[in-house]
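User: I should like to learn how to read the features of a protein model in a systematic way. Please take me through the one shown here.

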Amino acid sequence: MLTAIFLPLILACLIPFLSKWKDSIHTGWFVLPIPFSIFVYLITQVGTQFSPFERSYSWIPSLQINFDLYLDGLSLLFGLLISGIGSLVVLYSVYYLHKSEQLGHFYVYLLMFMAAMFGVVFSDNVFALYTFWELTSLSSFLLIGYWNHRKGSRYGALKSMLITVFGGLSLLGGLLLLTIVTDTTSIQAMMDQKETIINSPQFGWILGFIFLGAFTKSAQFPFHIWLPDAMEAPTPVSAYLHSATMVKAGIFLIARFLPIFSLSEWFFIIVSTVGIVTLCWGSYMAVRQTDLKGILAFSTISQLGMIMAMLGFGTKVAVFAAVFHILNHATFKGSLFMVAGIIDHETGTRDIRKLGGLMTLMPITATLAVFGTFSMAGVPLPFLNGFYSKELFFDASLHLKGEGLAQTLAAIIPYLAVFGSIFTFVYSMYLFFGTFRGEYKEKELPQKPHEAPIGMLISPIILVLLVITIGLIPELFNSALIDHVAEAVKGEPMEKHIKFWHGWDGTPLHMSLIVVALGALLVSFRSYWSGVYKAVPGALSLNKAYDWLVDRTEKYSSTITNGYMNGSLRRYVRLLLIAILLGTIGTMLLTNGLALNPTDVEDVTFPEMLVVIMMVLAALATIFTNNRIAAILILGVVGYGLAILFVLYRAPDLALTQLIIETVTVALFLLVFMHLPELRKRHESAGTILINASIAILFGAMMTIVGISSYNSKWFDPISDYFLETSVKLGGGHNVVNVILVDMRGLDTLFEITVLGIAALAIFNMIKLRRKKGAKE
């Protein structure tokens with residue numbers, strides 16, 4: 001598992017070097033062995049004897065955070081999808097992306113995303129999961145915006161980033177609350193504290209935050225609007241991220257926490273409602289689209305809604321159907337995205353209004369589309385895997401129970417399931433017949449179509465063969481894989497069997513026949529009822545609401561920023577000091593951090609008072625002097641005065657350090673004083689002088705209060721005892737300060753010296769460049 005996560009990242013670091021040979025060897029051939037080898041390893045884990053196992057690696061021991069990895073049925077299924085579909089997508093991209101493209105960028109982003117997805121599904125630590133979760137958003141942003149010269153790509157990438165990162169931050173809040181409630185960062189350990197989580201006062205917030213994270217990532221209504229715009233990405237990206245992997249990360253999250261959250265009735269109400277509404281809205285809106293990938297985008301939204309609804313049902317049948325459809329959807333939807341890419345590649349367009357009659361010109365592609373679209377539609381043919389999971393979905397919707405609101409919802413869901421499935425049938429037939437049947441419009445096509453090269457066809461052929469194989473031999477996948485996945489999700493053993501044919505009796509089959517009959521009528525008379533889209537959604541659009549919100553946010557942010565960003569460094573420093581002042585004092589007041597206790601402190605004698613008075617007078621003198629050398633020397637008096645105080649309070653090591661630093665600082669100032677700006681009196685208004693003086697006095701008082709309070713506060717055990725006890729044992733020295741600097745913080749000191757060295761080199765080169773420029777002039 002650890003190899004699966006980091007191997008793609010290691011290769012991503014090598015891609016810039018490998019891509020230099022892209023003219024002779026397509027970069028994709030270097031990438032293909034990585035996901036394929038991971039897939040081969042994971043496929044060896046599949047079988048009836050599979051049992052979960054975990055690996056743990058120390059990460060941040062002081063915070064009890066380990067890099068825990070866990071492989072059960074659920075993570076195994078997703079790992080197979082990530083590596084298996086990933087291998088096919090890389091193979092497809094070799095023939096889809098021309099060598100003139102920026103292949104190095106593409107495969108670096110793709111490998112980054114692959115590693116992030118492996119991290120999400122294998123992580124048992126919630127903070128590791130969140131880290132990889134956000135990495136999927138970042139890599140998805142880069143992949144969607146791969147063709148950054150296109151305005152649509154930039155818009156889609158930004159929209160997906162804003163929505164999914166918003167959800168990611170919500171997820172972080174939920175995970176933090178879970179960690180606080182359970183006092184563990186392990187997801188599996190949290191499973192043992194279900195009652196504690198459910199009965200916690202924070203349970204409502206946990207549920208809401210985690211749901212927001214899952215719904216935004218899996219494009220659930222109303223957060224689905226980012227997915228259609230993400231179709232601006234290259235087709236391999238759409239086939240990988242937006243059909244099989246990333247959009248299912250939200251599904252994975254709900255499935256992972258289902259054993260905990262399903263104990264609450266609100267889980268059923270919220271997840272089922274959001275899922276069924278997403279199914280209906282996505283399938284309804286898909287028929288409106290004219291772009292092939294746009295149709296597939298909304299079809300993905302509807303299919304994800306169906307999976308989410310089944311997880312919300314929470315019954316054994318529903319959970320089994322959900323995980324079964326996760327596999328089925330990846331096969332037929334991945335193949336259809338690749339078919340759409342082939343059509344675009346060979347005809348030069350994805351506009352379905354310009355397509356038609358391509359069956360005779362592209363027979364292999366058309367055959368692949370037949371199996372993909374009919375399986376997606378859930379046509380009752382027992383050799384299509386989509387039919388099985390659709391039947392199970394109908395069956396699960398008929399056996400829901402509950403009280404109050406849940407009971408009402410359970411009564412409505414079967415009808416909404418049929419409604420959404422009818423439009424699923426309509427857009428599936430619309431996609432196939434609108435592209436491959438009807439009139440051939442040669443004059444409207446940018447280029448003359450022909451069948452795609454065999455290399456581009458291999459990946460969709462493999463996926464379609466899986467569609468048929470799962471349809472013909474479902475039990476082969478059931479006992480070896482699906483049962484283990486459903487057991488991991490439900491948290492209890494599953495013994496569900498998939499029949500080759502259910503027979504003509506049974507309500508689910510009748511529901512399927514109703515879907516086909518009504519769907520066929522709607523397809524036949526589509527031109528007569530398509531005007532309904534002018535009314536619903538009509539002028540109302542969630543995209544318009546998103547654009548309005550983003551535009552207003554940018555406008556108000558610019559107004560506020562321009563209000564204080566006027567180019568004045570003095571104003572910036574003033575605002576920073578005020579912010580620090582308010583934040584520090586506010587925090588101390590809210591946390592009872594004020595501890596101004598004068599007891600148990602060293603007595604202040606006349607010599608100390610004399611030194612302090614000298615330092616105060618020197619500090620004030622720097623304000624009024626107009627001579628640069630005098631200002632530097634007077635400022636040095638303050639530093640040397642501090643060194644004297646260290647001596648008086650018996651801290652000779654600190655005194656020596658202060659003396660060295662102050663001497664070096666004064667010497668450096670004197671070396672460069674000729675290049676410093678001349679000191680001139682500034683004529684400020686009385687109000688400005690009063691504000692500046694008030695901020696300076698208050699900030700100084702704040703630092704004094706912080707120093708005294710930090711000395712008197714005993715919130716934690718002092719760390720000094722540890723250094724005193726281990727100074728000799730670990731560092732071999734009695735001078736504790738030296739041991740800390742050289743041994744215990746040796747790397748920190750080394751890096752500080754390195755930074756100073758780099759800064760010195762930079763300054764040296766800047767001076768050289770300036771001298772050369774002056775010589776030329």
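Analyst: The discussion below moves from the whole chain to its interior and then to its backbone. Please bear in mind that this is a predicted model.

User: How many helices and strands are there in the chain, and what share of the residues count as buried?

Analyst: The chain contains 32 helices and 2 strands. Of its 777 residues, 48% count as buried. Along the principal axes, the C-alpha atoms fill a box of roughly 105 × 70 × 55 Å. Among contacts with a separation of 6 or more, 79% are between residues 24 or more positions apart.

User: Which residues touch the most other members of the largest nonpolar core?

Analyst: The general idea is that nonpolar side chains tend to be buried together in soluble globular proteins. In this model the largest nonpolar core has 202 residues, and F122, F261 and F313 touch the most other members. Helix α16 gives this core its largest share, 18 residues.

User: Which residues is F313 in contact with, leaving aside its neighbours within four places in sequence?

Analyst: With those neighbours set aside, F313 is in contact with F268, S272, A318, F393, A396, S397, L400 and I413. F313 is also the residue at which α15 (292–313) ends.

User: Let us turn to cavities. What is the volume of the largest cavity, and which residues line it?

Analyst: A cavity is a space where a probe fits but cannot get out. The count here is 1 cavity of 30 Å³ or more, and the largest cavity has a volume of about 60 Å³. Its lining consists of L292, L296, L336, V339, A340, I343, A369, L431, F432, T435 and F436. At least two lining residues come from each of α15 (292–313), α16 (316–347) and α19 (405–436).

User: How many residues of that lining are nonpolar, polar or charged?

Analyst: By class, the lining has 10 nonpolar residues, 1 polar residue and no charged residues.

User: Is S302 in helix α15 buried or exposed?

Analyst: The way to judge this is by relative accessible area, with buried meaning under 20%. S302 has 0% relative accessibility and therefore counts as buried. A polar atom of the S302 side chain lies 2.7 Å from the backbone oxygen of S299. Apart from residues up to four places away in sequence, S302 touches T278, L279, G282, S283, T424 and Y427.

User: Now the backbone. Which residue has a positive phi in the loop between α10 and α11?

Analyst: Most residues other than glycine have a negative phi, and most peptide bonds are trans. In the loop between α10 and α11, A219 has a positive phi of about 55° although it is not a glycine. A219 is buried, because its relative accessible area is 0%.

User: Where is R650 found, and is R650 buried or exposed?

Analyst: R650 is found in the loop between α27 (628–648) and α28 (652–672). This residue is not a glycine, yet R650 has a positive phi of about 60°. R650 counts as exposed because its relative accessibility is 62%.

User: Which residues does a cis peptide bond join, and where are the prolines placed?

Analyst: One cis peptide bond joins F221 and P222, with omega about 5°. P222 has its place in the loop between α10 (203–217) and α11 (226–229). The peptide bond from V536 to P537 is also cis, with omega near 5°, and P537 is found in the loop between α23 (526–529) and α24 (542–564).

Note on methods. Residues numbered from 1 in each chain as written. Predicted model: local features only at pLDDT ≥ 70, side-chain atom pairs only at ≥ 80, totals over all residues. Heavy atoms only, no water. 1 Å grid on protein atoms, 1.4 Å probe; cavity = no way out; pocket = protein on both sides within 12 Å on 5 of 7 lines; lining within 4 Å. Points joined across faces, edges and corners; volume = space filled by probe spheres on them. Helix = DSSP H or I, 4+ residues; strand = E, 2+ residues; numbered from the N terminus. Nonpolar A, V, L, I, M, F, W, Y, C, P; charged D, E, K, R; others polar. Buried < 20%, exposed > 50% of the residue type's maximum accessible area, 1.4 Å probe, protein only. Polar contact = N/O pair within 3.5 Å; in protein donor to acceptor, adjacent residues only side chain to side chain. Contact = heavy atoms within 4.5 Å. Core = buried A, V, L, I, M, F, W, Y, C linked by side-chain atoms within 4.5 Å.
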